[in-house]
Amino acid sequence: MLDVQNLSMTIMIEDAAVPILRDVSLQVAAGESIGLVGESGSGKSMTLRSILRIEPENATVSGRITLDGLDVHSLRGEALRRMRATDVAMIAQNPHAVLNPVLPVERYLIEGMHDAQGVPRRQARLRAGELLEQVGIERIDLVLGSYPHQLSGGMLQRVVIAGAIAGEPKLLLADEPTTALDVTTQAEVMAILDECRRELGMAMLFVTHDLDLAASVCDRINVMKDGEIVERGVPEQLRDHPEHPYTRVLMESRPATVMWASNREAEVAHD
Amino acid sequence: MTEAIISVDQLTKTFRGKRSRDSVTAVDAVSIAVQPGTCLAVVGESGSGKTTLARIIVGLETADTGTVKLGGKTVARRANRRTLRARAREIQMVFQDPQSSLNRRLRVQVAVDEVLRAHTPLNAKQRRARCRELFEQVGLEARHLDAIPDELSGGQRQRVAIARALAAEPSIIVLDEAVAALDVTVQAQILKLLDELRRSKGLTYLFITHDLSVVQMIADEVVVMRRGSIVERGTTAQVLGDPQHPYTQLLLECAPRPGWKPKRGVIRALREEIAS
Amino acid sequence: MKALAKRLGPIGVGAAFIFAIVVVGALLAPLIAPYDPTIGSVTQRFQGPSLDHLFGTDQAGRDIFSRILWGARSSLVGPLIVVAVTGVLGTGIALTSVWWGGAVDSAISRVLDLLFAFPNLLLAMLAIAVFGPSLTTAALALSISYIPYTARVIRSMALRERNLAYVRSPQLQGISGAVITARHLVPNVAPLIITGATINFGFAMIEIAALSFLGLAVQPPLADWGLMVSNGQQSLLKGYPAESMLAGLFIVLTVASLGYIGERLGGRAAAGRRS
């Protein structure tokens, strides 16, 4: 469904062309979840921005990105707007930057559905409640009437996810959606994101610096370094037989807290 | 058992809001003891009070009640310039964000030089030589002395911050999420450096972190904080291997690891157990 | 120089060029002004532009070109006093407030709030009523009314910086607040101080011109752009708009140039911080 072919990007910085992406190719099939893992400066977020055509102004881009056969780079004006509004949805790292601070959450969801998909406001209002239920929010009316600053980061990110799935887009683009959250909140939000995506059969491109986090929700993972994809594979394969030295370093840098995990898994097996 | 080098007794700090219901007790009757040459990790999420605890110990914040003893001596509750200067020779701090840990308008050497000037009788030439030595100890090169922060990577800046902390030759270093803002591969390098420095210099660390993987790599003992209180303490192996408190279990359950899946049911069950 | 030109952009370079011409004209007025700006000749009234009188003459037969040159002096000196006084006191007050925090900060904030309540020009007129009309009185009075703006903006930025590690760390070493402020805080809020100064300069120029226009700052027969706009009014009605128009044009050009430069430098400095 999403097909990125030989995507390259350079950015002019002080008269020098700095390569940001080199020959990045990746595919996401309908309903599939693909991870893009890398550290800062690896180009993972730029790849995502290219798909939405929101790359920096001074960037030169080559290569081909198609979404259901439609060449994204040839889209202009209304067609581009429609692609952004209905075919893909983005979940960014900082929900505070996404939600208008002076509008209650309800308005964010309603306006989103009304403007992007043309859902009548009355209908959108009903649907807003359903969506919040879907992302595991319990006190729905309270949250709908709240302003962004009254809610925690985890709660807001759920609202953003609700907004993203409202139009049932074909593709979710998630850019480090849980990096700003506490670890326990992260686990809940990831669980919710994964469930919603599966239920609605949406594809996802998940960008993160955390290999284990990507492995928990992705069918396949691409490891990026310095603007290139250096290794790709299913999570188990990357974990057990990493081929590229960088993937190995990435794994070894975080000896996961396995002690309790192994104890517990043994317990579970025992039961 | 030797005498603890950091000994905190019944420390309490409440931040008062305009209305009484806005008041938050960030640290609530917390006691800890750290043996010389060891690393104690203080683990918690945002709002746990772990950073406030660290700030009280170094003197950036004043506790309402309770005492802090460093090297057997009780430190003044309300710090002033003179007491801070004395305390700084015992305890130093490395802050979280490499972006703001150094003045971006000055050469990085100045940050280290400033500390040498405050705590040692060295002259300019000797200080320059000492800076070079300290840079070497943290894995930086002489050419980095005259760099400005923008010319260094996040990891290099954090190395300068460590050199700055070492300059006063303290026996204790408080590390406040000192690797949280770094890439994982850089994190591993910095943690390795910190571990080596601790062994070679016999330093004591108080490591404030939210990250259990960091704890596993560097800490001998752990305290787990939640909403201002310590809910569990023990050796790293005990706490990570056989956690007793449901909150510690929740933290461990939620930490991504190979083969991990986030499970809403398990999280909810543990949350209910914590609440009860 | 090249880096500066790049930061200013093509329009900014043009603006800097215009401002430089005004400054050079003001500095060299005694050398290049062809006539005495205060002495006219009745036989030479309302002359059009000619080689003798580049911009023509006013109703008193004085050379407008010479008056514009000399007028640039008082028109620049007034705002310069305002900017200097505001910059030094505003920054000083802001940094004191930030460093001591607590009660000191609240007290200073209350005083600033009080000053805020006075309209600038009204405060200036009050001072002039007490001390008599002169450029110095007008400039000092305006300075006082500008201080709250400057202090408040710098305070909010310094407050953010104060909590960052590069300021906290020397504090923990027991280094004095004055040293830390001078070495660490001032250089890091400097871009804001400079931007604030350019903006204040523009406002001050217009307000002093307004006061001169009302006869409350620079006194005739001295040359001043604000005064010239006012003087030229009667000529304007008689069909000789040169004096008012030219003086007005120079005020607008100077203020706009400086405003653009300030925006460019300030905006870029702010952007540099974020990256």
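A residue is partly exposed when its count of other C-beta atoms within 10 Å falls between the two limits, with 20 or more making it buried and 12 or fewer making it exposed. Keep those limits at hand for the views below, all of which come from a predicted model.

**View 1. R53(A) in its loop.** R53(A) sits in the loop that links α1 (44-51) to β4 (59-67) of chain A. Buried, exposed or partly exposed: which word fits R53(A)? R53(A) has 15 C-beta neighbours inside 10 Å, so it counts as partly exposed. Once neighbours within four places in sequence are set aside, the contacts of R53(A) are V72(A) and L80(A). For a longer reach, try G153(A): this residue is 100 residues from R53(A) along the chain, and their C-alpha atoms are 27 Å apart.

**View 2. Helix α7 of chain A.** Here we follow residues 153-166 of chain A, a helix of 14 residues. At 1.5 Å a residue the expected span is 20 Å, and the end C-alpha atoms of α7(A) are indeed 20 Å apart, so the two values agree. How much of α7(A) is buried? The count is 12 of the 14 residues, which means that the helix is largely enclosed by the rest of the structure. Among the buried residues of α7(A) are M155(A), L156(A), V159(A), V160(A) and I161(A), and the list also includes Q157(A) and R158(A). After the helix comes E168(A), with a positive phi near 40 degrees.

**View 3. Chain A as a whole.** Stepping back, we find 12 helices and 10 strands in chain A. The radius of gyration is 19 Å, close to the 18 Å given by the globule rule for 271 residues, so chain A is as compact as a globular protein of that length. Along the principal axes, its C-alpha atoms occupy a box of roughly 60 × 55 × 35 Å. Of the 271 residues in chain A, 41% count as buried. If you like contact maps, look at the pairs in chain A that are at least 6 apart in sequence: 66% of those contacts join residues at least 24 apart.

**View 4. Where chain B meets chain A.** Two pairs of chains are in contact, and chains A and B share the most contacts. In this pair, 30 residues of chain B touch 30 residues of chain A. On the chain B side, at least two residues each come from α6 (184-201), α7 (212-218), α8 (236-241), α9 (246-254) and α10 (264-275). Sorted by class, this side of chain B, facing chain A, holds 16 nonpolar, 7 polar and 7 charged residues.

**View 5. Two domains within chain B.** Chain B is assigned a domain 1 (1-90 + 178-183 + 206-233) and a domain 2 (245-276). Their C-alpha centres are 25 Å apart. The contact between them draws 6 residues from domain 1 of chain B and 6 residues from domain 2 of chain B. Which elements of domain 1 of chain B give two or more residues to the side that touches domain 2 of chain B? They are α7, β9 (221-226) and β10 (229-235) of chain B. By class, that side of domain 1 of chain B has 3 nonpolar, 1 polar and 2 charged residues.

**View 6. Where chain B meets chain C.** This contact brings together 21 residues of chain B and 14 residues of chain C. Two or more residues on the chain B side come from each of α2 (81-88) and α3 (108-119). The most come from α2(B), with 5 residues. The chain B side that touches chain C divides into 9 nonpolar, 5 polar and 7 charged residues. Chains A and C have no contact with each other, and their closest C-alpha atoms are 10 Å apart.

**View 7. Two helices of chain C.** Helix α1 of chain C runs over residues 2-27, yet the C-alpha atoms at the ends of its 26 residues are only 25 Å apart, short of the 38 Å that a straight helix would reach. Where does α1(C) kink? A kink of about 110 degrees lies at G9(C), shortly before the proline P10(C). The buried residues of α1(C) include G12(C), A15(C), F19(C) and G25(C). Helix α5 (residues 120-131) of chain C, with 12 residues, reaches 16 Å between its first and last C-alpha, close to the expected 16 Å. Just after α5(C) comes G132(C), with a positive phi of about 90 degrees.

Conventions
Residues numbered from 1 in each chain as written. Chains lettered and ligands numbered in written order. Predicted model: local features only at pLDDT ≥ 70, side-chain atom pairs only at ≥ 80, totals over all residues. Helix = DSSP H or I, 4+ residues; strand = E, 2+ residues; numbered from the N terminus. Expected span 1.5 Å × (residues − 1). Bend = angle between axes of the 7 residues up to and from the residue. Rg over C-alpha atoms; globule rule 2.2 N^0.38 Å. Contact = placed C-beta atoms within 7 Å. Nonpolar A, V, L, I, M, F, W, Y, C, P; charged D, E, K, R; others polar. Domains from an automatic or database assignment.
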